[in-house]
Amino acid sequence: MGYTIHDIDKIVNFKTWTDTKKIDELLLIDCRLYMNMGCSSTKQEKEETKRLSRKIYRAIKTIDKKTGQLFLMAMDSNETK
């Protein structure tokens, strides 16, 4: 199975993982969130996915400030279009 959205804090706090591995795993969780959405997803489900995605990007920002900030800025710029 792998890690889920509930494991974000655990992943961020792993001492034996490199920052790259942590970010990769967080992005994999993010990818799974969007993979599970489809054309039949409700507006509420889409908003929840975006909210969880933002949570993941904020966690990435605690690991690598620049990378996390870039993800958050990209998300914000897509919402204004």
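**A tour of helix 2 and the salt bridges**

In helix 2 of this predicted model, select Lys22, Ile23, Glu25, Leu26, Ile29, Asp30 and Leu33: these residues are buried. They lie on the same side of helix 2, because the arc they cover around the axis is only 165°. Turn to the other side of the helix, where Thr20 and Met35 are exposed.

Next, display helix 1 (8–12) and helix 3 (43–63), against which the buried residues of helix 2 pack. To check the geometry of helix 2 (residues 19–35), place a distance between its end C-alpha atoms: they are 24 Å apart, in agreement with the 24 Å that its 17 residues should span at 1.5 Å a residue.

Now move to the charged side chains. Across the whole structure, a search finds three salt bridges.

Select Lys10 and Asp7 for one of them; their closest N and O atoms are 3.5 Å apart. Lys10 counts as partly exposed, at 45% relative accessibility, whereas Asp7 is buried, with a relative accessible area of 13%.

Proceed to helix 3 and select Arg51 and Glu48, which are three residues apart and therefore separated by about one helical turn. Their side chains form a salt bridge at 2.6 Å, N to O. Arg51 is partly exposed at 46% relative accessibility, and Glu48 is partly exposed at 34%.

Finally, select Asp76 and Arg54, whose side chains meet in a salt bridge of 2.6 Å, N to O. This pair links distant parts of the chain, 22 residues apart: Asp76 belongs to helix 4 (residues 65–79) and Arg54 to helix 3. Asp76 is partly exposed, with a relative accessible area of 35%.

Key: Residues numbered from 1 in each chain as written. Predicted model: local features only at pLDDT ≥ 70, side-chain atom pairs only at ≥ 80, totals over all residues. Heavy atoms only, no water. Helix = DSSP H or I, 4+ residues; strand = E, 2+ residues; numbered from the N terminus. Expected span 1.5 Å × (residues − 1). Buried < 20%, exposed > 50% of the residue type's maximum accessible area, 1.4 Å probe, protein only. Arc of directions from axis to C-beta. Contact = heavy atoms within 4.5 Å. Salt bridge = Lys/Arg side-chain N within 4 Å of Asp/Glu carboxyl O.
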